[in-house]
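Let's take a look at the charged side chains in this protein and see how they pair up. Have the sequence and the 3D view ready.

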Amino acid sequence: MRMYKNGFVYYGEWNNNARNGWGVYENKQTGYRYAGEWKEDRKNGFGKESTLTWVYEGNYVADKKDGFGVW
């Protein structure tokens, strides 16, 4: 687990001091949450991202939504 100064917490896999593999990045105060795959500290692969008002589930490449997904 790693806690960030901006209120976020990351639980998950690491490699070379970067988020790699599967993990959860969230901020309970704002309601933001991403649970999914990471590569070199960026969302990459399948994941589910949500806030208090919306949910997106789909693919990511280099931190950006890519290809098929459901909003």
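E49 is buried, at 6% relative accessibility. Here, buried means under 20% relative accessible area, exposed means over 50%, and partly exposed is in between (1.4 Å probe, protein chains only). Keep in mind that this is a predicted model: local features need pLDDT of at least 70, side-chain atom pairs count only at pLDDT 80 or more, and totals for chains, interfaces and linings use all residues. Residues are numbered from 1 along each chain as its sequence is written, and side-chain values use heavy atoms, with hydrogens and water left out.

So what does E49 pair up with? The side chain of K43 meets E49 in a salt bridge, and so does the side chain of K65. The K65 and E49 pair ties together parts that are 16 residues apart in sequence, because K65 lies in strand β7 (residues 64-70) and E49 in strand β5 (residues 42-50). Strands (E, at least two residues) are DSSP runs, numbered from the N terminus. A salt bridge is a side-chain nitrogen of Lys or Arg within 4 Å of a carboxyl oxygen of Asp or Glu.

K43, E49 and K65 are linked in a network of salt bridges. K43 is buried, just like E49, while K65 is partly exposed at 40%.

How many salt bridges does the structure hold? There are 4, including these:

| Pair | N to O distance |
|---|---|
| R33 and E26 | 3.3 Å |
| K43 and E49 | 3.4 Å |
| K65 and E49 | 3.4 Å |

In the R33 and E26 pair, R33 is partly exposed at 37% relative accessibility, whereas E26 is buried at 13%.

Conventions. Helix = DSSP H or I, 4+ residues; strand = E, 2+ residues; numbered from the N terminus.
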